[in-house]
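User: I am new to this structure and would like a close look at a single part of it, namely how its helices pack against one another. Please take me through that part with care.

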Amino acid sequence: SFVAGIPAQVGRGDLAGLRTEMKLHAGHVRDLRTLRAHFLAALPGISLPSISKAEGVLQRDLSGAIGEAERAISALLATALRAQPLPTTLLQDAHRTVVHL
């Protein structure tokens, strides 16, 4: 699964790929919210429990992925700082990733 693969992705230094994946997943949540809003606008009073449930699941998955990414990046930075000073590009990429999460 995506979340399970985050530590390995961070370990490989693929932070740009991680940002891309996170943006994709966040886009799914946003698109589902937009779809629900369109249905509600077109059919006032309609109940959409399936869409609401799916939105909740996607949001929890995204939150879990963000938490896992934060833990993996923190571990990577801690390990790297113990071993040697970080290369500037890795530090900048990690900072951009955390800021975008």
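Analyst: What follows goes through the helix pairs in turn and then turns to the nonpolar core.

The model is a predicted one, and the description below should be read with that in mind. Two packed helices are described by the angle between their axes and the distance between the axes, and each pair is introduced here in that way.

The helices α1, residues 2–11, and α3, residues 49–83, have axes that come within 9 Å of each other and cross at roughly 20°. Because of that angle, α1 counts as roughly parallel to α3, and the crossing in which α1 passes α3 is right-handed. On the α1 side the contact involves F2, V3, I6, P7 and V10, which meet D61, G64, A65, E68, A69, A72, I73 and L76 of α3. By character, the residues of this contact between α1 and α3 comprise ten nonpolar, one polar and two charged.

For α1 and α2, the axes again come within 9 Å, with a crossing angle of roughly 160°. An angle over 145° counts as roughly antiparallel, and α1 is therefore roughly antiparallel to α2, in a crossing that is left-handed. Here F2, I6, Q9 and V10 of α1 make the contact with L15, G17, L18, E21, M22 and H25 of α2, and the residues involved divide into six nonpolar, three polar and one charged.

The remaining pair to consider is α2 with α3, whose axes lie 10 Å apart and are set at an angle of about 160°. These two helices are therefore roughly antiparallel to each other, and α2 passes α3 in a left-handed crossing. From α2 the contact includes, among others, L18, M22, H25, A26, V29, L32 and F39, while the α3 residues they meet include I51, L58, L62, A65, I66, A69 and I73. The residues of this contact of α2 with α3 consist of 16 nonpolar, four polar and three charged. One of the α3 residues, L62, shows the pairing in detail, since, leaving aside neighbours within four places in sequence, L62 is in contact with M22, H25, A26 and V29.

Several of these residues return in the nonpolar core. The largest such core has twelve residues, namely I6, V10, L15, L18, M22, V29, L62, A65, A69, A72, I73 and A94. Each of α1, α2 (15–42) and α3 supplies at least two residues of this core, and the largest share, five residues, comes from α3.

Definitions and conventions. Residues numbered from 1 in each chain as written. Predicted model: local features only at pLDDT ≥ 70, side-chain atom pairs only at ≥ 80, totals over all residues. Heavy atoms only, no water. Axes fitted to C-alpha atoms, helices over the stretch in contact; angles between N-to-C directions. Helix = DSSP H or I, 4+ residues; strand = E, 2+ residues; numbered from the N terminus. Parallel < 35°, antiparallel > 145°, perpendicular 65-115°, else oblique. Left-handed = near helix turned anticlockwise from the far one by under 90°. Contact = heavy atoms within 4.5 Å. Nonpolar A, V, L, I, M, F, W, Y, C, P; charged D, E, K, R; others polar. Core = buried A, V, L, I, M, F, W, Y, C linked by side-chain atoms within 4.5 Å. Buried < 20%, exposed > 50% of the residue type's maximum accessible area, 1.4 Å probe, protein only.
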